[in-house]
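Here are my notes after a pass through this one, jotted down point by point. Have a look at the structure first, then read on.

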Amino acid sequence: MKPNSITRREFIQSTAAITAAAATPALFSSPVRAAEKSAPQKMIGIQVGSVSFTDEGVDTVLDIFREKGAINTVFLTTFTHSRGLGGRQIPGQPFPDHGKQESDETTYHGGIFSTPHAEFYKNTVLKIPHAPELGDVDIVATVLPAAKKRGMKLFCTLEDVFRADSPGMDQAAEIDLQGRRAAPFLCLYHPEVRAFWTGLATDLCTSYDIDGLLLLNERNGPLLNALGASHTQSIVSDRVTCFCEFHQKAARERGISFDRAREGYRQLNGFVQAALAGQRPGDGYFVEFWRLLVEYPEIIAWDRLFDAAKHQVLAEINAAAKSVRKELQVGFHIEHVNSFNPIFRATRRYAELAQKADFLKVVAYNNCAGERYANFIHNVGSTVFRDVPPDELLAFNNHLLNYEHEAGLADLATAGLSPDYVARETRRAIAGVQGKCKILPGIDIGIPTAATSRKASPDDTYAATKAALAAGADGLIFSRKYSEMRLANLAAGGKAVRDLAG
Ligand SMILES: [Zn+2]
């Protein structure tokens, strides 16, 4: 049998062996000391889902992390339903050179990958089950002792991604512009949703001797969603959210008119749909858009409501963790759109985020960035900036963002962005947080792109890793998930870490 296709029985046995071994430290004292001696000082992390451990074995995976990637911190996917952080390689992409070479597209479900302890979820209708694909395996309880044995830290990664059939969706899903429930997106002002997130954080921090949490929420507010001002989104101006009773209450408390906001978004939807159909307003696309914002400032105010709730939930999760143990570290993932969309950038101040988190994982994925940035230019070039030739729009945007010397639009997806982009985004974040929290850039290893777009070579990974560390980062996180990374790339990242450590 191939070493990477262990059976479930073998997996459980190997886990039991690890647990037993951890109880006899004398057996392992020598390798642990050696690992500590050679461990780099900076936090070198990797994102990994449970499937890699169940497919390949806990010992095998952690040893690869340490030996090839110079990794000292495991960011273990513990809550999500997404394929960005969970499951094997996504369909249509080649499998990497490890793990099972078989799609789990039809069996992947997601959920809580640890054991949900009911007492922490008493105050929420969101009774999210243990991820069914794991059977009775609790991935945090399984990996934690093996990580500790190696002197590695373990953080639980939590991502705000649910399923349309998740329990409680009928009560707590957002309400869209047309008054419909917008599953699977949960309203962050809804008390049941707030209770779920603090319950989950408290459960994990209480039930396991982990080192902290990494939180991901890549959802946008209604303005950016209406414009499709991101890399992945389609333009959904008729389905923006949220207009539920809890949002209305939050708006009233801030003196924002619900009726004016809703009417503003109806007008914005009309503008976007007309623009997509090529119906140019008399004064041009940009002027008409800006006029809408001037006439309906509630459009921006309602968008800010979303960000306020998103950041409040992150702060509440951080507080919940700290109330269990002060030394627990909580970090936020800062999504890619913060890098290439100046409208989004304007809604984030690093110094403010730094007050809410112990570290920020700043996405600086340079290979997939070419394709993503090109998509963003295409989206905003279809509506607000439709009067501007796309090449000129890209060049202008590059000036706004300090993206110099990158490829033109025709070559952007195949070229990706440069390692210098990684350095510039790292320096921007470090300057922004003013020493108030740590900066860990997210390094792109094998993030899926279209067949004709940039694929990272080991040299690319080496250069990006080196650029982040040389720019002064406090560490980094190899992303998005081990089950899509090739080992040669991981080893190249590890080599850069060791070369810089001297
Ligand atoms: Zn709402």
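**Notes on the rings, the zinc site and a hairpin**

1. Let me start with a tyrosine: Tyr373 has a relative accessibility of 1%, so it counts as buried. Keep in mind that this is a predicted model. Its ring partner fares much the same way in the burial table: Tyr403 comes out at 2% relative accessible area and is therefore buried.

2. How do Tyr373 and Tyr403 pair up? They sit edge-to-face, with 5.1 Å centre to centre and 75° between the planes. The pair ties together distant parts of the chain, 30 residues apart. Tyr373 belongs to helix α16 (residues 367-380), while Tyr403 lies in the loop between α17 (390-401) and α18 (409-415).

3. Stepping back, the structure has 23 aromatic pairs. One of them is Phe75 with Phe359, an edge-to-face pair at 6.2 Å centre to centre and 70° between the planes. This one spans 284 residues of sequence, linking Phe75 in strand β2 (residues 73-80) to Phe359 in strand β9 (residues 359-363). Are these two rings buried or exposed? Phe75 has a relative accessible area of 0%, so it is buried. Phe359 has 2%, and because buried means under 20%, it is buried as well.

4. There is also an aromatic cluster worth pulling up in your viewer. Phe79, Tyr121, Phe162, Phe196 and Trp197 make it up.

5. For a cation over a ring, go to Arg83. Its charged end sits over the ring of Tyr108, 4.9 Å from the ring centre.

6. Now the metal. Which residues hold the zinc ion? The donors are Cys187 (SG), Cys242 (SG), Cys244 (SG) and His247 (ND1), at 2.2 to 2.4 Å. Along the sequence these donor residues follow the spacing C-x54-C-x1-C-x2-H. Of the donors, Cys244 and His247 are both buried.

7. Why call the zinc site tetrahedral? The 4 donor atoms subtend angles of 90 to 128° around the ion. The criterion is that all angles lie between 85 and 135 degrees, so the arrangement qualifies as tetrahedral.

8. Last, a hairpin. Strand β5 (residues 173-175) and strand β6 (residues 181-186) run antiparallel, joined by 2 bridges. Ile175 has Arg181 in β6 as its bridge partner. The hairpin leaves 5 residues between the strands, and Gly179 in the turn shows a positive phi of about 85°.

Key
Residues numbered from 1 in each chain as written. Predicted model: local features only at pLDDT ≥ 70, side-chain atom pairs only at ≥ 80, totals over all residues. Heavy atoms only, no water. Pairing = 2+ DSSP bridges. Helix = DSSP H or I, 4+ residues; strand = E, 2+ residues; numbered from the N terminus. Donors = N, O, S within 2.8 Å, 3.2 Å for Na, K, Ca; no water. Tetrahedral: all angles 85-135°; square planar, octahedral: opposite > 155°, others 65-115°. Buried < 20%, exposed > 50% of the residue type's maximum accessible area, 1.4 Å probe, protein only. Phe/Tyr/Trp six-rings, centres within 6.5 Å; stacked < 30°, edge-to-face > 60°. Lys NZ or Arg CZ within 6 Å of the ring centre and 35° of its normal.
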